[in-house]
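Hi,

Here is the structure I promised to send over. Have a look at it first, and my notes follow underneath.

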Amino acid sequence: SILACMSWPLAFLLTLSLEIPVVLLVLKRGWRKDLPLALLANSITHPILWFVLPSLFTDYLTFLIVGELAVFSFEALLYAGAVRGWHGALAGVAANSLSLGVGLLLQLVL
């Protein structure tokens, strides 16, 4: 799994490098507003996904589905609440779709 192939700091930096540009592009409120929001969202969800949820599931597929749905939902709601609009939810879904896709791709090559 990607958890075994990459350290948490590296995975967190990769996630931020993928998700922050997407959030900035979709929310379009300026980096001073959206960068802290994206950092907050990922600072909450990434450690939980990385450190807490794996210990709750013995099956990787279940962990992946439940964990990613939780992250998608939390971040979509956080962004939607911050911008008071559907495009906030879109930012969360788009950003997490990209990082999930890259993470799965990395699992294939690492």
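Which helix does L13 lie in? L13 belongs to helix 2, which covers residues 8–27. Before going on, please keep in mind that this is a predicted model.

Is L13 buried or exposed? Its relative accessibility is 56%, and the cut-off for exposed is over 50%, so L13 counts as exposed. If you want a feel for distances, pick H87 as a partner: 74 residues separate L13 and H87 in sequence, and their C-alpha atoms are 24 Å apart in space.

Now the whole chain. The protein chain has five helices and zero strands, so if you read the elements off from the N terminus you get α-α-α-α-α. Its C-alpha trace spans about 40 × 25 × 20 Å along the principal axes. For 110 residues, a compact globule would have a radius of gyration near 13 Å, and the protein chain agrees with that at 14 Å. Of those 110 residues, 37% are buried. Among the contacts with a separation of 6 or more, 67% are between residues 24 or more positions apart.

On the outside, the accessible surface of the protein chain is about 6200 Å², and carbon and sulfur atoms hold 75% of that. There are 5 positive and 5 negative charges, and the mean positions of the two sets sit 21 Å apart.

Helix 5 (residues 86–109) is worth a click. How far apart are its end C-alpha atoms? They are 35 Å apart; with 24 residues at 1.5 Å a residue the helix should span 34 Å, which agrees. The buried residues of helix 5 are G88, A91, G92, A95, N96, S99 and G103.

Lastly, two loop residues with a positive phi:

- K28 has phi near 55°, and K28 is not a glycine. You will find K28 in the loop between helix 2 and helix 3 (31–52). With 70% relative accessibility, K28 counts as exposed.
- R84 also has phi near 55°, again in a residue other than glycine. R84 is placed in the loop between helix 4 (60–83) and helix 5. Its relative accessibility is 75%, so R84 counts as exposed.

Cheers

Notes: Residues are numbered from 1 along each chain as its sequence is written. This is a predicted model: local features need pLDDT of at least 70, side-chain atom pairs count only at pLDDT 80 or more; totals for chains, interfaces and linings use all residues. Side-chain values use heavy atoms; hydrogens and water are left out. Helices (H or I, at least four residues) and strands (E, at least two) are DSSP runs, numbered from the N terminus. Buried means under 20% relative accessible area, exposed over 50%, partly exposed in between (1.4 Å probe, protein chains only). The expected span of a helix is 1.5 Å times one less than its number of residues. The radius of gyration is taken over C-alpha atoms; the globule rule is 2.2 Å times the number of residues to the power 0.38. Contact means heavy atoms within 4.5 Å. Accessible areas come from the Shrake-Rupley method with a 1.4 Å probe; for residues, only the protein chains shown count as cover. Lys and Arg count as positive and Asp and Glu as negative; His and the chain ends are not counted. The place of a charge is taken as NZ of Lys, CZ of Arg, CG of Asp or CD of Glu.
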